[in-house]
Amino acid sequence: MALKALDIYKILPKKNCKECGFPTCLTFAMKLASGKADAGTCPYLDEATRQLLKGATQPPIRRVKIGVGERSFAVGEEIVLFRHDKSFVHPPGILFQVSDRETAEEIRGVASRVKDEVFPRIGELLRVNGIAIRNDSGSAEAFGKAVRVVEETAEFPEVLIAGSPTSMEAALAECGNYRPLIHAATAENLGAMCTLAKRYGAPLAVRARGIDALRDLAGKCAAAGVPDLVLDPAPETLGEFLQTSTLIRRRALARSAPELGYPVYLDATVPGREQATLSLGILKYAGVMVTTPGSPASLLATLTLRQNIYTDPQKPIQMTPGIYRVGNPARGDPLLLTVNFSLTYFTLLGYLEASRISCFLLLVDTEGFSVLTAVASGKLNETMIRDSLQRFSVEAETGHRTLVLPGYAAPLSGRVEEATGWKVLVGPRDAAEVPEFLEQSWKKTSPG
Amino acid sequence: MAEPSEWTGTIGRVVLGATRGEGGTRSVQYCIGGSRDLPFLPDEVPCGKRPLIAFEICDDPALWPPVVREQVGDLAGDPAAWAREAEKAYGADLVRLHLTSTHRRQVADLEGVKRTVESVLAATTLPLIIEGSGDPAIDSDVFQRCGEAGAGERLLLGTAEADRYRSIAAAALAYGHAVIAQSPIDINLAKQLNILLREIGVPADRIVIDPYTGALGYGFEYSYSVMERIRFAALKGDADLAMPVLSAAPDSLTVREVRDAAPAERQERALSWEFHAAFPAAVAGADIVCVRHPLSVKRVRDACSALSAGLKGTPAQGGG
C-alpha cells in the first residue's frame with residue numbers, strides 16, 4: 001500500500017541529520033511519499049524498514065528505459081487508470097518490425113524510415129521509436145546478421161524477438177550494450193534469457209498468456225535478478241488485451257501484485273488489424289508496441305492519437321507568447337490576437353497559410369487556455385492585452401494600432417480599446433472564416 | 001478474471017427502430033445501452049455486443065467532405081439511393097440523414113424535407129437517425145415534419161442543445177421518437193441538458209448523449225475523456241448521465257491533414273483520420289459511432305467486433 005508522508009515520518013529516525021541530502025526527516029518523508037527520494041539514502045534505517053519503505057514509495061509501475069542516447073525512451077511510471085484523473089505519463093514506444101528472412105536491402109529500407117521519417121505537428125516532432133527484429137529464420141547467424149544491418153543504419157531502440165537463447169545471444173553480441181528489449185522470456189527459456197538480460201543489463205520482456213502465468217513468470221525473473229521487465233500478456237484478441245491490460249494496470253496501481261508493476265508489451269502485427277491494435281494500445285495502457293511498417297498516412301494518424309491521449313489534460317500544449325509572422329508581413333499588414341494554446345495557433349495558422357495572407361499574430365499568455373475558456377476564466381483580459389502590446393513592442397513591428405480580437409473575445413472589445421488606446425476589430429469565432437474576414441473587413445478599415 | 005466491481009449504476013436502455021410487429025417498417029430493432037461496467041470488460045452484458053455503426057448521408061451535399069463526394073459520385077445527390085447503398089453495400093447498422101438543405105438561407109420547401117425523410121424510410125429498412133434543421137427559426141416546422149414522416153418508426157432525432165431543445169422534444173414525444181442531446185465537450189452541461197429534457201417530459205429511455213467529438217488532432221482527447229467520464233459517472237450511480245452515447249467527429253474528413261494530402265494518399269489519410277476518432281470513441285464507451293466515408297464502415301465495425309469478441313451479449317441486436 002502507498003504510504004502518506006506522515007506515516008513515513010513516524011517510522012523515520014527523526015534525527016534531522018541531513019545525511020540523506022534533505023534538511024529534515026519530515027522533508028525526506030514528503031519526498032519519499034511523492035516518489036522523489038530513495039529510502040536507501042537514509043543510513044539509520046534497519047533493513048526491514050528500508051524494504052517496507054522501498055515497497056511503499058517506489059512508483060507502482062517501474063520505469064523501464066529502452067535504447068540509449070537521443071532516441072531512447074522510457075515507459076512505466078504511470079499513476080492513473082483514466083487520463084482525466086491526472087495524466088498519462090510516458091507515451092508508448094512504437095517500433096517497426098522486420099524479419100531476419102528479409103534481405104539486407106529490405107531491412108535497411110525500414111531502418112531508414114525509422115531513422116528519418118518525422119511528422120511535425122503542433123510544435124512537436126512525431127516519429128516511431130525504433131525497430132524490432134524477429135528471428136523468423138530460427139537461425140542464430142541470420143538473426144545476428146539482420147541486427148548488424150540495423151546497427152549499421154542508425155542508433156535507435158531495438159526489440160529483439162526470438163524464442164531461442166542461442167539466437168538471442170547472437171543478436172546481443174551485436175547490440176547488447178545499447179539496452180535492446182529482449183523478447184521474450186517464457187516458461188521454457190526463462191533461465192537462459194534471464195542470464196542474458198543480466199549479462200548485458202538489458203530490459204527483458206516476459207511472455208505468458210493470462211495474468212496468473214504472467215505474474216508467476218515475472219516474479220521468477222525478478223527473483224533471478226532482472227530488474228527491468230516488460231509484460232507481454234500474449235492476447236489472442238483485442239478484447240482479451242483490453243481486459244488483461246486493464247487488470248494489470250489496476251492491480252499494479254493498487255500495489256496488490258508487485259510482479260505486475262511493469263510496462264505492458266503489445267504485438268500489433270496481426271494483418272489487417274494494425275491500426276485498431278495500435279489505437280487500443282495507446283488508449284489502454286500499452287508501453288511498448290511492435291507493428292509492421294504501415295503506410296505513412298496510417299502512421300501519422302496513430303502518432304497523432306498518441307500525442308492527443310498523452311497530452312496532460314491539465315496542461316495543454318502551449319506556444320511561447322510573442323509576435324509570430326505568417327507569410328511575409330510588412331508594416332500595415334493585419335494584426336490578429338490569439339491565445340497561446342497550440343491547437344488554436346496551429347489551426348489558425350493552417351487557414352491563414354492556405355489563404356496566403358501575410359499578417360502578424362500576437363500570441364498572449366493564457367497558460368494554454370483556448371479563447372473561450374480564457375475569456376470565461378478572466379485569463380484573457382484588457383490589462384494583459386495592454387501589457388502584451390507593450391512587452392512585445394507590437395506597434396514597432398506593425399506600424400499601426402489596429403488589433404483584431406477573436407470572435408469569442410468580443411465582450412472584451414470595448415474595454416480593450418479603452419485600456420490600450422488601440423482600435424479593435426472583432427473577428428469571427430471560427431478560424432476557418434478568418435481569411436475571408438481579413439479580405440473584407442481589414443481592407444475596408446485598413447489603417448494604411 | 002473480473003475484479004470485484006464497485007459500480008452501482010447501469011446505463012439505461014434506448015430502443016431504436018420499430019419492426020412491423022412494433023408498428024413500424026424497419027427490418028431490425030436495436031437496443032443500445034444496458035451496460036454495467038466499463039466498455040468491453042468481462043462483466044459487461046449490454047443489450048448489443050458491439051457499438052452500432054451509423055453511416056451519415058445528407059440531402060444537400062454542397063458542403064459535404066469532398067473526399068466522400070468523390071467516392072460516392074451521383075449518390076450524394078440522391079438520399080434514398082445513398083441510404084440503400086449504405087445498407088446493402090457499405091454494411092451500416094444505421095443511416096443518419098442530415099437535412100443539410102435546411103442550412104440554406106431560405107428554405108421554402110419544408111414539404112420537400114418531409115418527402116426526403118419518407119423516401120429514405122422507403123429506401124432502407126435500417127433504423128434511422130434524422131438530423132434536422134440548421135436554423136432555430138424553422139426547428140419547429142422541420143422537426144414536426146420529420147417526426148410525422150417517421151411516426152411509429154422509433155427514429156433518433158437530432159440534435160437538441162441547451163438553448164434549443166423544445167421543438168425537437170415536442171416532435172419526439174408526439175410521434176414516439178428518441179432524441180440526441182448534444183453538449184459541447186462538458187460533462188456538467190451534458191447532465192444539465194438531460195435534466196432540462198426530463199423536466200419537459202422526455203423520459204430517460206428516449207435520450208442519447210452526444211458529447212460532441214472533436215477530430216483527431218483537433219481536440220479529440222477532450223471528447224475522449226468526457227466520454228470516459230460520462231460512463232464513469234453513470235456507473236457510479238448518476239442517473240442523469242446514465243444514457244447511451246453517440247459519437248460523431250464531423251470534421252474528421254475536412255481537417256488539414258486530409259485536405260492537403262497528396263492525391264495518392266488522400267483516401268488513406270481520410271480513412272485513418274475517421275477511424276482514429278470512431279474506434280477510440282467506441283473504446284471510451286460510445287454506443288453509436290458515426291462515419292461518413294463508405295469504406296470506414298467495415299473498418300470500424302471489424303475493429304469493434306474484434307474488441308467485443310467473446311463478450312456475453314445478444315448478437316442479434318447490435319450485430320456480431
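Questions on a predicted two-chain model

Q: Which residue takes a positive phi just after α2(B)?
A: This is a predicted model, and the place to look is the point where helix α2 of chain B has just ended. There the backbone takes a positive phi of about 85 degrees, and the residue that does so is B:Gly91.

Q: Which residues of helix α2 (residues 79-90) of chain B are buried, and what covers them?
A: The cover of the buried residues of α2(B) includes α1 (66-72), α3 (110-123) and α10 of chain B, together with β3 (52-58) and β4 (94-98) of that chain. A residue counts as buried if 20 or more other C-beta atoms lie within 10 Å of its own. By that test the buried residues of α2(B) are B:Pro79, B:Ala80, B:Trp82, B:Ala83, B:Glu85, B:Ala86 and B:Tyr90.

Q: How many residues of strand β6 (residues 156-160) of chain B are buried?
A: Strand β6(B) has a parallel partner in strand β5 (residues 128-131) of chain B, to which 3 bridges join it, and it also pairs in the parallel sense with strand β7 (residues 178-182) of chain B, again over 3 bridges. In the pairing with β5(B), B:Leu156 stands opposite B:Ile129, while in the pairing with β7(B), B:Leu157 stands opposite B:Val179. The strand is mostly covered, and the number of its residues that are buried is 5 of 5.

Q: What is the hand of the β-α-β crossover from β5(B) to β6(B)?
A: On the way from β5(B) to β6(B), the chain passes through helix α4 (residues 139-149) of chain B. A further β-α-β unit, made of β6(B), helix α5 (residues 166-175) of chain B and β7(B), is right-handed. The crossover from β5(B) through α4(B) to β6(B) is likewise right-handed.

Q: Which residues lie on the two faces of strand β7 (residues 158-161) of chain A?
A: Both faces of β7(A) are covered, and the residues on each of them are buried. One side carries A:Glu158 and A:Leu160, and the other side carries A:Val159 and A:Ile161.

Q: Which residue of β8(A) is the bridge partner of A:Leu160?
A: Strand β7(A) pairs in the parallel sense with strand β6 (residues 130-134) of chain A over 4 bridges, and in that pairing A:Leu160 stands opposite A:Ile133. Strand β7(A) also pairs, in the parallel sense and over 3 bridges, with strand β8 (residues 181-185) of chain A. In β8(A), the bridge partner of A:Leu160 is A:Ile182.

Q: Which helix makes a right-handed β-α-β unit with β7(A) and β8(A)?
A: One right-handed β-α-β unit is made by β6(A), helix α5 (residues 140-153) of chain A and β7(A). The unit that is made by β7(A) and β8(A) is right-handed too, and its helix is α6 (residues 165-175) of chain A.

Q: Which element supplies the largest share of the side of chain B that touches chain A?
A: The contact takes 34 residues from chain B and 34 residues from chain A. On the side of chain B, at least two residues each come from α7 (220-235), α8 (256-259), α9 (263-284) and α10 (294-308), and by class this side has 18 nonpolar, 7 polar and 9 charged residues. The largest share, 10 residues, comes from α9(B).

Q: Why does the largest nonpolar core lie between two domains of chain A, and which are they?
A: Of the 229 residues in the largest nonpolar core, those that touch the most other members are A:Ile131, A:Leu204, A:Val206, A:Leu231, B:Val95, B:Leu157 and B:Val179. The element that gives the most to this core is α9(B), with 11 residues. The core lies between two domains of chain A because both give residues to it, and they are domain 2 (64-309) and domain 3 (322-445).

Q: What percentage of the residues of chain A count as buried?
A: The secondary structure of chain A comes to 17 helices and 17 strands, and its C-alpha atoms fill a box of roughly 80 × 65 × 35 Å along the principal axes. Of the 448 residues of chain A, the share that count as buried is 46%.

How values were computed:
Residues numbered from 1 in each chain as written. Chains lettered and ligands numbered in written order. Predicted model: local features only at pLDDT ≥ 70, side-chain atom pairs only at ≥ 80, totals over all residues. Contact = placed C-beta atoms within 7 Å. Nonpolar A, V, L, I, M, F, W, Y, C, P; charged D, E, K, R; others polar. Buried ≥ 20, exposed ≤ 12 C-beta atoms within 10 Å, placed from the backbone. Pairing = 2+ DSSP bridges. Right-handed = clockwise from strand over helix to strand, strands pointing away. Core = buried A, V, L, I, M, F, W, Y, C linked by C-beta atoms within 7 Å. Domains from an automatic or database assignment.
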